[in-house]
Amino acid sequence: MEVSRMSYQNILVGVDGSKQADMAFEKAVDTAKTNDAKLYLLSIINGERYPSTGPGGYGFVSHSIYDSAIETMQKKLADYKKKAEAAGIKAVETDVKVGNAKVELAERYPKENDIDLIIIGATGLNVVGRLLVGSTAAYTIREAPCDVTVVKTNLKNQKLDIKETTYPEM
């Protein structure tokens with residue numbers, strides 16, 4: 001009996017500067033190479049609603065306050081893109097969005113770009129933190145229109161020491 005292998009053409013990896021995202025990036029590059037797929041590198045600057053003086057009491061803060069964060073992430077994504085291209089990935093696209101990280105990563109971006117696999121790092125938040133802010137990985141698994149791989153190990157399948165995480169303790 002022949003076992004069929006899944007083939008992915010458009011792979012999305014969420015990048016936020018954390019160790020978990022670095023591991024997800026490494027596995028996404030490996031997967032993109034194996035499938036000769038296009039690799040999308042996406043970073044989302046969380047831009048939720050904030051209180052304002054608008055008629056409803058809430059409104060969107062001017063996106064100009066995110067300019068510095070956007071510029072920083074664009075530079076990081078440019079470095080990731082160089083690494084992916086050096087590894088042999090022919091098509092790499094980068095993007096930085098401002099919005100709800102969960103919705104952008106799990107729903108909007110995949111639908112707009114015909115993504116068939118999302119690769120993200122597992123969170124480094126502790127149990128209390130996950131209860132308070134929720135898990136982007138859990139939301140993505142639940143809501144994405146495609147396959148999702150949650151990365152917990154590096155390319156050698158070694159688990160990340162939680163003390164190395166870039167997320168703050170809550």
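**Exercise 1. Which residues are buried in H2?**

Solution. The structure is a predicted model, in which local features need pLDDT of at least 70 and side-chain atom pairs count only at pLDDT 80 or more, while totals for chains, interfaces and linings use all residues. Residues are numbered from 1 along each chain as its sequence is written, and side-chain values use heavy atoms, with hydrogens and water left out.

Begin by locating the helix: H2 covers residues 67–86, where helices (H or I, at least four residues) and strands (E, at least two) are DSSP runs numbered from the N terminus. Its 20 residues reach 29 Å from the first C-alpha to the last, close to the 28 Å expected at 1.5 Å a residue, the expected span being 1.5 Å times one less than the number of residues.

Next, apply the cut-offs: buried means under 20% relative accessible area, exposed over 50%, and partly exposed in between (1.4 Å probe, protein chains only). By this rule, Ile70, Met73, Leu77, Tyr80 and Ala84 are the buried residues in H2. Seen down the helix axis, they fall within an arc of 85 degrees, so they line one face of H2; the arc is taken from the directions that lead from the helix axis to the C-beta atoms.

Finally, look at the surroundings of that face: the buried residues of H2 pack against H1, E2 and E5, contact meaning heavy atoms within 4.5 Å. The face turned away from the buried side carries the exposed residues Ser68, Lys75, Lys82, Lys83 and Ala86. Lys76, also placed in H2, is partly exposed with a relative accessible area of 35%.

**Exercise 2. Describe the surroundings of strand E1 and its partners.**

Solution. Start with the strand itself: five of the five residues of E1 (residues 10–14) are buried, so E1 is largely enclosed by the rest of the structure. In a regular strand the side chains alternate between the two faces of the sheet. Here Asn10, Leu12 and Gly14 point one way, and Ile11 and Val13 the other way.

Then take the partners in turn, noting that two strands pair if DSSP finds at least two bridges between them. Strand E2 (residues 38–46) runs parallel to E1 and is joined to it by five bridges, with Leu12 standing opposite Tyr40. The chain crosses from E1 to E2 through helix H1 (residues 19–35), and this β-α-β crossover is right-handed, that is, with the strands pointing away from the viewer, the path from the first strand over the helix to the second runs clockwise. With strand E6 (residues 117–121), E1 pairs in the parallel sense over three bridges, and Ile119 is the bridge partner of Val13.

**Exercise 3. What is the order of the five strands in the open sheet?**

Solution. Reading across the sheet gives E5-E2-E1-E6-E7, with parallel pairing. E5 (92–99) and E7 (147–151) stand at the edges with a single partner strand each, so one side of each is left without a neighbour in the sheet. Neighbouring strands are turned by 20 degrees against each other on average, direction ignored, where axes are lines fitted to C-alpha atoms, for helices over the stretch in contact, and angles run from 0 to 180 degrees between N-to-C directions.

To finish, add the helices: H1 packs on the sheet, touching E1, E2, E6 and E7, and its direction makes about 150 degrees with that of E6. Helix H5 (residues 136–143) lies across E6 and E7, running at about 165 degrees to E6.
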